[in-house]
Amino acid sequence: MLGHQELIDEAKRQTGLSDFGADTFREGLEILVSSLQSEARLNAAGEQALTERIVLHLRQRLLIEDWYRRHPEIDEEQIVAPLFGVSLPRTGSSALSFLLSSDPEIRYLRVWESSQPCPPPATVTGPDPRRGVAATSGDALLKGGKRTPSGIDGAMECQDLMALDFRSQIFQAFAQVPTYSDWLLNADLSSTYAYEKRVLKLLQWGAPARPWRLKAPTHMLYLDALISAFPDARFVMTHRDPAEVILSVATVYADIIGKFTNNLDLEYLGALNLRCWSEAMNRAIAFREKGNDHRFHDIHFRAMHKDPLGEVRALYAWLGEDVSPAFAQAMADWWNSNASAERMTKPDPAHFGLDLAAVRQRFTPYLERMERWAPFDAAA
């Protein structure tokens, strides 16, 4: 694995550029690369995938700054009242984001532009060459894995935008990097969200401004930093039994990381996700209860599966917006095409060192509130 300066030099060589903007990305990059070198035990595919991904983010950052240098008017764009999906992972939040992206009157982060925001989509004439093309060899290797279906223009999480500041959980989903994960859990993401906003302006530039629909479970850990950058942000939160969540997300991590190492540690992945997501929920509870509860709309996982369009209509009513006939039809079409998608086989929790009763105990404060935030009557 190359050192962090070698990776920086490679990005400069590939672009012919040298201005990364603010140097806030360097701390995370240095910790990440050190952790990859000393802890990840990458195989050949993993070393190639992580090297390409790091250079990709560095290269895009250089290109973003070059676009701003040549077009300073980009910074005049306004990101107004974005809606962020924030929740535990594996709670139906991805399905919700795909449904919301069916609305022709909104803007969402498309899978092909999330890792390669440059050039700004509005500046591309004809078919965009990024559509349907894997950004790195690692992304190509992961195609065909157990993923929620999104399609060529599917909605993507904010992780790639956060990775431009090298404060993103995408890296711990690709490799076992405990030192980086420990640092990230308590890192200050103020610069990360400021840079995400910078990229959203770039993506929006040259096209009609539309309300953004964004999503990443990670946001629960850093909500104070998020609203510093997006003070008028609102949130939709999906809910599910946390024992099912932790086992499911640990399985996803194992599926991905297992392609990039021959030394997979399942118990580490179980402990990592239990600690990360219990802390995330505790922080989200604290954020909501210090005067921000009005920012949130809640949806139960089972309610979403029972009546997805009804739940989206309720969300839009809360937002003060209408569900157009075109939007309703597009949602129905997506749901009918994807509702029967293959579900993940549940492994033995013991493989990950997890006891499901103990997991629920760890989430006691959340379970008490979930009944109030998102009550669900299965018989109704």
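Reader: To start, is Phe166 buried or exposed?
Author: Phe166 counts as buried, because its relative accessibility is 0%. Here buried means under 20% relative accessible area, exposed means over 50%, and partly exposed lies in between, with a 1.4 Å probe and protein chains only.

Reader: What sort of model is this?
Author: This is a predicted model, in which local features need pLDDT of at least 70 and side-chain atom pairs count only at pLDDT 80 or more, while totals for chains, interfaces and linings use all residues. Residues are numbered from 1 along each chain as its sequence is written, and side-chain values use heavy atoms, with hydrogens and water left out.

Reader: Where does Phe166 lie?
Author: Phe166 lies in the loop between α7 (159–163) and α8 (178–185). Helices (H or I, at least four residues) and strands (E, at least two) are DSSP runs, numbered from the N terminus.

Reader: And what is the phi of Phe166?
Author: Phi of Phe166 is near 55°, a positive value in a residue other than glycine. Most residues other than glycine have a negative phi, and most peptide bonds are trans. Arg41 also has a positive phi, near 50°. That residue, Arg41, sits in the loop between α2 (25–38) and α3, and it counts as partly exposed because its relative accessibility is 47%.

Reader: Which peptide bond is cis?
Author: The bond from Cys118 to Pro119 is cis, with omega near 0°. Pro119 is placed in the loop between α5 (111–114) and α6 (137–142).

Reader: How many disulfides does the structure hold?
Author: The structure holds 0 disulfides, a disulfide being a pair of cysteine sulfur atoms within 2.5 Å.

Reader: Why is Cys118 without a bond to the closest cysteine sulfur?
Author: The closest cysteine sulfur, in Cys158, is 17 Å from that of Cys118, so it is too far for a bond. Cys276 is in no disulfide either; the nearest cysteine sulfur is that of Cys158, 16 Å away. Cys118 is buried at 8% relative accessibility, and Cys276 is buried at 4%.

Reader: A new topic: which residues does Arg61 touch?
Author: Arg61 touches Asp19, Phe20, Gly21, Ala22, Thr24, Phe25, Leu164, Asp165 and Tyr195, not counting residues up to four places away in sequence. Contact means heavy atoms within 4.5 Å. Arg61 belongs to helix α3 (residues 44–70) and is buried, with a relative accessible area of 1%.

Reader: What about the strands: which one pairs with β5, as far as β4 is concerned, and how?
Author: β4 pairs with strand β5 (residues 296–300) in the parallel sense over 5 bridges, where two strands pair if DSSP finds at least two bridges between them. His239 has His300 as its bridge partner in β5. Strand β1 (residues 83–85) also runs parallel to β4, and 3 bridges join them. Leu83 has Arg234 as its bridge partner in β4. Strand β4 (residues 234–239) is mostly covered, with 5 of its 6 residues buried.

Reader: How many cavities of 30 Å³ or more are there?
Author: The count comes to 2 cavities of 30 Å³ or more. On a 1 Å grid over the protein atoms alone, a cavity is a set of points where a 1.4 Å probe fits but cannot get out, and lining residues have an atom within 4 Å of a point. Grid points are joined across faces, edges and corners, and a volume is the space filled by probe spheres set on the points.

Reader: What is the volume of the largest cavity?
Author: The volume of the largest cavity is about 120 Å³. Its lining has 15 residues, of which Ser97, Leu100, Arg213, Leu214 and Lys215 lie nearest the centre. β1, α4 and β3 (212–215) are the elements that give two or more residues to this lining, and the largest share, 4 residues, comes from α4.

Reader: Why is α4 described as largely enclosed?
Author: In helix α4 (residues 93–100), 7 of the 8 residues are buried, so the helix is largely enclosed by the rest of the structure. Among the buried ones are Ser93, Phe98 and Leu100.

Reader: And which residues line the second largest cavity?
Author: Its lining consists of Gln169, Gln172, Ser181, Leu184, Leu185, Leu221, Tyr222, Leu272, Arg275 and Cys276. About 50 Å³ of space lies in the second largest cavity, and α8 and α12 (266–292) each supply at least two residues of its lining.

Methods: On a 1 Å grid over the protein atoms alone, a cavity is a set of points where a 1.4 Å probe fits but cannot get out, and a pocket is an open set with protein on both sides within 12 Å along at least five of seven lines; lining residues have an atom within 4 Å of a point.
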